[in-house]
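Student: Can we go through this model together? I'd like to get a feel for what sits inside and what sits outside.

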Amino acid sequence: MESKHAIDVFAALSQGTRLDTFRLLMEHEPDGLAAGEIARRLEVPQNTMSTHLAILTRAGLIEAERHSRSIVYRAVVDRVREITSFLVQDCCGGRPELCEPLVAEFTPCCPSKEPRHV
């Protein structure tokens with residue numbers, strides 16, 4: 001990722017409603033949420049939400065898909081990977097063992113959904 005694209009991502013996420021919107025959409029991956037439902041959950045007027053969604057879309061953080069009369073928004077998970085990689089690409093001066101605590105912090109966020117055998 002180029003610095004200019006990273007700046008676009010950070011600029012899009014630097015506003016509270018947009019950050020909350022993105023986090024809400026990450027929580028609802030892979031199904032996404034309709035624009036009206038996002039506005040309702042975050043208690044934001046729909047026209048204001050539309051502006052926030054457009055900014056997040058331009059930054060490549062979310063994408064929209066029409067479903068009948070609704071527009072469903074989803075987080076672009078690959079963009080999260082790209083921005084995370086951008087932030088840590090030069091991490092620890094070539095000593096990956098120093099970054100192990102950072103990697104370990106991300107591991108529990110997404111537990112496996114495989115059934116456990118008892």
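Student: Which residues touch the most other members of the largest nonpolar core?

Tutor: Quick note before that: this is a predicted model, where local features need pLDDT of at least 70 and side-chain atom pairs count only at pLDDT 80 or more, while totals for chains, interfaces and linings use all residues. Residues are numbered from 1 along each chain as its sequence is written, and side-chain values use heavy atoms, leaving out hydrogens and water. A nonpolar core is a set of buried Ala, Val, Leu, Ile, Met, Phe, Trp, Tyr and Cys residues joined through side-chain atoms within 4.5 Å, with buried meaning under 20% relative accessible area (exposed is over 50%, partly exposed in between; 1.4 Å probe, protein chains only). Of the 19 residues in the largest one, those touching the most other members are L25, I38, M49, L53, L61, I62 and Y73.

Student: Which elements give two or more residues to this core?

Tutor: Elements here are DSSP runs numbered from the N terminus: helices (H or I, at least four residues) and strands (E, at least two). The ones that qualify are α1, α2, α3 (35–42), α4 and β3 (70–75).

Student: Which residues of helix α1 are buried, and why do they line one face?

Tutor: In an α-helix there are 3.6 residues a turn, so residues three or four places apart point the same way. Down the axis of α1, the buried residues fall within an arc of 125° (taken from the directions from the axis to the C-beta atoms), so they line one face. K4 and I7 are exposed on the other side. The buried ones in α1 (residues 3–13) are A6, V9 and A12.
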